[in-house]
Amino acid sequence: MKEEPAPSSQREPGRESDEAERRERVDSQQLLLAVSRLAASRRDLDALLAELVVLLQRSFRFDGLVVVLHDPVRREMVARFAGGSAVPAKHIVTPETDAAGLAWLTQQPIFVPNVEEETRFPDIIALARSYDTRSFCVFPLTSPVRRLGAFGFASREIDGFRDVDRRFLQQLTDEVALAVDNALHHESAAEAERRLRQEHDRLGMLLEINNALVSNVAPAALFDDIAVCLRRVVAHDLTALVIHDPERNGFEVAAVAFENTRAVRDGEFFPMDDDDNPATAAFRTGTPLRVGRDVIATLGARNRTLLADLGIESACLLPMSVRGRRVGTLIVGRLGGEPFSDDDVAILAAAAGQVALAVANARAFQEIAALRDKLTLEKVYLEDEIRSHYDFEEIVGESPALHAALAQAETVAPTSSTVLIRGETGTGKELIARAIHDMSPRKARTLVRLNCAAIPTGLLESELFGHERGAFTGAIAQKIGRFELADGGTLFLDEVGDIPLELQPKLLRVLQEHEFERLGSTRTKRADVRIVGATHRNLQEMVAAGTFRSDLFYRLNVFPIVLPPLRERREDIPRLVRYFVQKFARGMNKTIDTIPSDAMSALAAYDWPGNVRELENAIERAVILTTGSVLQVPVAELRSPSRAAPPTESTLEATEREAILTALRDSAWVIGGPAGAARRLGLKRTTLHSRMEKLGIVRPKA
């Protein structure tokens with residue numbers, strides 16, 4: 001006889017709990033299975049995530065879902081999808097300042113039960129408040145092969161996810177990561193296929209145009225072949241060519257092909273000052289211009305013959321340039337009014353470059369050849385002019401102050417004496433060091449460089465002298481130091497004033513005895529190395545302050561060379577400007593042959609606190625901004641701030657030193673203990689010891 005189930009009031013509480021837990025596990029597994037099936041059936045990421053929102057909302061409550069993906073190129077987190085009214089559709093942040101970025105970096109989930117009590121992530125908290133979000137959680141979205149980003153839920157309730165199993169949410173996120181990774185792979189493959197097909201069409205068109213350039217000499221036949229090539233890749237009805245005439249300051253219509261026949265419009269002329277003409281606008285800006293029926297309907301009478309009168313409702317106008325010189329505008333138009341896409345513009349822009357070459361070859365080959373020869377001669381002449389008579393090929397200038405420094409370098413170069421190059425940041429200390437090495441008997445060996453300020457204090461000794469395997473934690477292999485690498489050559493120690501005080505005796509020993517030991521080794525090695533040091537600091541003041549050893553300073557200061565700042569050799573600024581203009585113009589494939597006199601005057605009058613390096617960066621920016629043959633310098637930005645004398649040490653370091661000394665005096669130079677200086681400063685005793693050693697702070701003798 002089948003037993004009747006016990007009444008609910010007589011059931012054991014433990015069994016009810018076990019039964020509920022079992023049902024919850026079954027429901028969780030079913031949901032994960034449903035997510036997995038959804039991932040297998042959807043390749044479009046947006047569609048996948050949209051259906052995922054609906055599926056998840058059937059199982060537990062939340063008000064918003066967001067998928068944030070990491071863009072490795074831009075190094076930022078981008079919200080790819082947002083479902084629900086509590087999450088914004090677009091949100092871009094740097095990885096270090098956002099909850100999603102932190103979850104991606106640490107690979108740990110982040111729970112914010114109450115946004116009003118959360119002090120981290122101020123930007124996302126403010127955004128959450130604007131969408132009435134009271135709590136949220138974020139999980140790292142990571143597939144087996146890569147870190148994708150983060151997956152988050154938002155709720156309008158405080159602690160909205162307290163009843164949801166966190167392990168289940170992590171398992172759910174792992175399933176979503178597989179789905180997202182799969183969808184991204186499909187998207188990448190589809191985009192790659194599309195771009196490959198587009199590139200194939202573009203290259204095929206360019207090949208046909210090149211073949212037309214080789215096989216045709218008559219301009220009319222050449223244009224007909226080019227129009228056919230363009231129409232085969234980008235559908236359109238009108239192809240027109242207008243050529244810039246600098247003498248008449250206008251454009252001449254060179255050829256027009258309408259549908260499949262030639263339209264007789266050759267020889268028409270319209271002035272450059274016709275602002276209504278879109279061909280003029282495209283030519284002036286140097287960028288492609290797309291216009292629709294609303295713009296075409298308002299054009300002036302001179303332009304209607306090419307566009308409105310032919311029934312064109314959509315047009316794309318592309319400036320044609322040859323070696324940075326604009327020669328005209330290529331016009332394509334459609335009768336149906338369908339706008340030209342970005343891909344169409346990219347293909348047509350590539351074709352415009354080829355068409356520009358055809359125009360230049362057909363109408364101005366001799367002029368361009370003569371101009372090229374002229375520019376080549378000017379380039380050689382300019383390069384000869386900017387080289388000083390000391391044959392320092394990379395150092396530009398003729399000022400007496402610079403010549404004095406170069407003469408000193410030329411004097412000391414044949415010797416093996418230690419050289420100390422002093423000067424402000426950006427004055428070219430490394431160039432002088434390289435020139436000294438190249439003019440020395442050691443030029444056949446290596447010039448080894450080391451920036452002492454760029455290496456952490458704990459690793460600088462290893463960089464200089466090397467280490468043996470097992471010398472310290474992380475030393476898994478033997479390493480050769482810079483002194484060994486420079487044996488027989490020259491070692492350039494940049495920012496030598498930043499060498500820690502505790503390391504200076506070892507450097508002094510190498511300078512005096514040419515001997516050293518690797519870290520973790522008792523074997524003494526010898527090295528025949530010439531030292532060239534450089535610093536922007538005043539080492540004599542550092543010696544007086546006790547932050548630099550006097551004996552090391554005297555050993556380094558055997559032959560000092562002081563490089564003048566750029567403001568003390570203003571006569572060199574025009575030469576430097578011309579040198580950098582030609583250098584960057586060549587690298588950017590531009591032709592810049594004119595520097596306005598007012599721009600040159602402004603450059604020469606500026607103080608250049610960053611010296612040659614700042615000037616070089618300013619000229620590079622100006623070349624980037626230049627679209628024609630005249631250098632465009634943002635003169636308004638060249639304002640000379642009031643310049644104070646360079647500090648002998650950084651403000652932060654001086655402040656830290658003073659704070660430590662004050663705490664030590666107040667504690668009677670007791671470092672540890674409840675009343676010690678470390679407790680007063682909020683530091684560990686060992687940390688305070690380390691900072692005192694770095695800053696050269698020692699207890700005064702009684």
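Student: What makes up the secondary structure of the protein?

Tutor: The secondary structure of this predicted model comes to 23 helices and 22 strands. The protein has 702 residues, and buried residues make up 42% of them.

Student: How do you know how far apart in sequence the residues in contact are?

Tutor: Take the contacts between residues at least 6 apart in sequence: 62% of these join residues at least 24 apart.

Student: What is the mean pLDDT of the protein, and how many of its residues reach 70 or more?

Tutor: The mean pLDDT is 78, and 79% of the residues reach 70 or more.

Student: Where does pLDDT stay under 50?

Tutor: Residues 1–6 are one such stretch, and the model gives them one contact beyond four places in sequence. Residues 642–649 also have a pLDDT below 50, with six contacts beyond near neighbours in sequence. Where pLDDT is low, the predicted coordinates should not be read in detail.

Student: Why is α18 called oblique to α19?

Tutor: Helix α18 covers residues 573–587 and helix α19 covers residues 597–605; they pack at an angle of about 120 degrees, with their axes 9 Å apart. Angles of 65 to 115 degrees count as roughly perpendicular and those over 145 as roughly antiparallel. An angle of about 120 degrees fits neither range, so α18 is oblique to α19.

Student: Which residues make that contact, and what is the hand of the crossing?

Tutor: The crossing of α18 and α19 is right-handed. On the α18 side the contact is made by I573, P574, V577 and R578, and on the α19 side by M600, L603 and A604. By class, this contact has six nonpolar residues, no polar ones and one charged residue.

Student: What makes α18 oblique to α20?

Tutor: Helix α20 covers residues 611–625, and α18 packs against α20 at an angle of about 50 degrees, with the axes 9 Å apart. Angles under 35 degrees count as roughly parallel, and roughly perpendicular begins at 65. About 50 degrees falls in neither class, so α18 is oblique to α20.

Student: Which residues of α18 and α20 meet?

Tutor: From α18 they are L576, V577, F580, V581, K583, F584 and A585; from α20 they are V612, L615, E616, I619, E620 and V623. The contact of α18 with α20 has 10 nonpolar, no polar and three charged residues. α18 passes α20 in a right-handed crossing.

Student: Why is N611 called buried?

Tutor: Buried means under 20% relative accessible area. N611 has 0% relative accessibility, so N611 counts as buried. N611 is found in helix α20.

Student: What is the phi of N611?

Tutor: N611 has a positive phi of about 60 degrees although it is not a glycine. Most residues other than glycine have a negative phi.

Student: How do you know whether D159 is buried, partly exposed or exposed?

Tutor: Partly exposed lies between the 20% limit for buried and the 50% limit for exposed. D159 has a relative accessible area of 31%, so D159 is partly exposed. D159 lies in the loop between β6 (147–155) and α5. Phi of D159 is near 50 degrees, a positive value in a residue other than glycine.

Student: Why is H185 called partly exposed?

Tutor: The relative accessible area of H185 is 45%, and exposed would need over 50%, so H185 is partly exposed. H185 has its place in helix α5, residues 166–215. The C-alpha atoms of H185 and R43 are separated by 9.0 Å, with their positions 142 residues apart along the chain.

Student: What makes R680 partly exposed?

Tutor: R680 has a relative accessible area of 48%; because exposed means over 50%, R680 is partly exposed. R680 lies in helix α22, residues 677–681. Leaving aside neighbours within four places in sequence, R680 is in contact with A663, D666, S667 and A675. The C-alpha atoms of R680 and T662 are 10.0 Å apart.

Student: Why does R129 count as partly exposed?

Tutor: R129 has 41% relative accessibility, between the limits of 20% and 50%, so R129 counts as partly exposed. R129 lies in helix α4, residues 122–130. Beyond four places in sequence, R129 is in contact with V115 and E116. R129 and R156 are 9.7 Å apart, C-alpha to C-alpha, and 27 residues apart in sequence.

Notes
Residues are numbered from 1 along each chain as its sequence is written. This is a predicted model: local features need pLDDT of at least 70, side-chain atom pairs count only at pLDDT 80 or more; totals for chains, interfaces and linings use all residues. Side-chain values use heavy atoms; hydrogens and water are left out. Axes are lines fitted to C-alpha atoms, for helices over the stretch in contact, and angles run from 0 to 180 degrees between N-to-C directions. Helices (H or I, at least four residues) and strands (E, at least two) are DSSP runs, numbered from the N terminus. A crossing is left-handed if the near helix is turned anticlockwise from the far one by less than a right angle, and right-handed if clockwise. Contact means heavy atoms within 4.5 Å. Ala, Val, Leu, Ile, Met, Phe, Trp, Tyr, Cys and Pro count as nonpolar, Asp, Glu, Lys and Arg as charged, and the others, Gly among them, as polar. pLDDT is the predictor's confidence in each residue, from 0 to 100. Buried means under 20% relative accessible area, exposed over 50%, partly exposed in between (1.4 Å probe, protein chains only).
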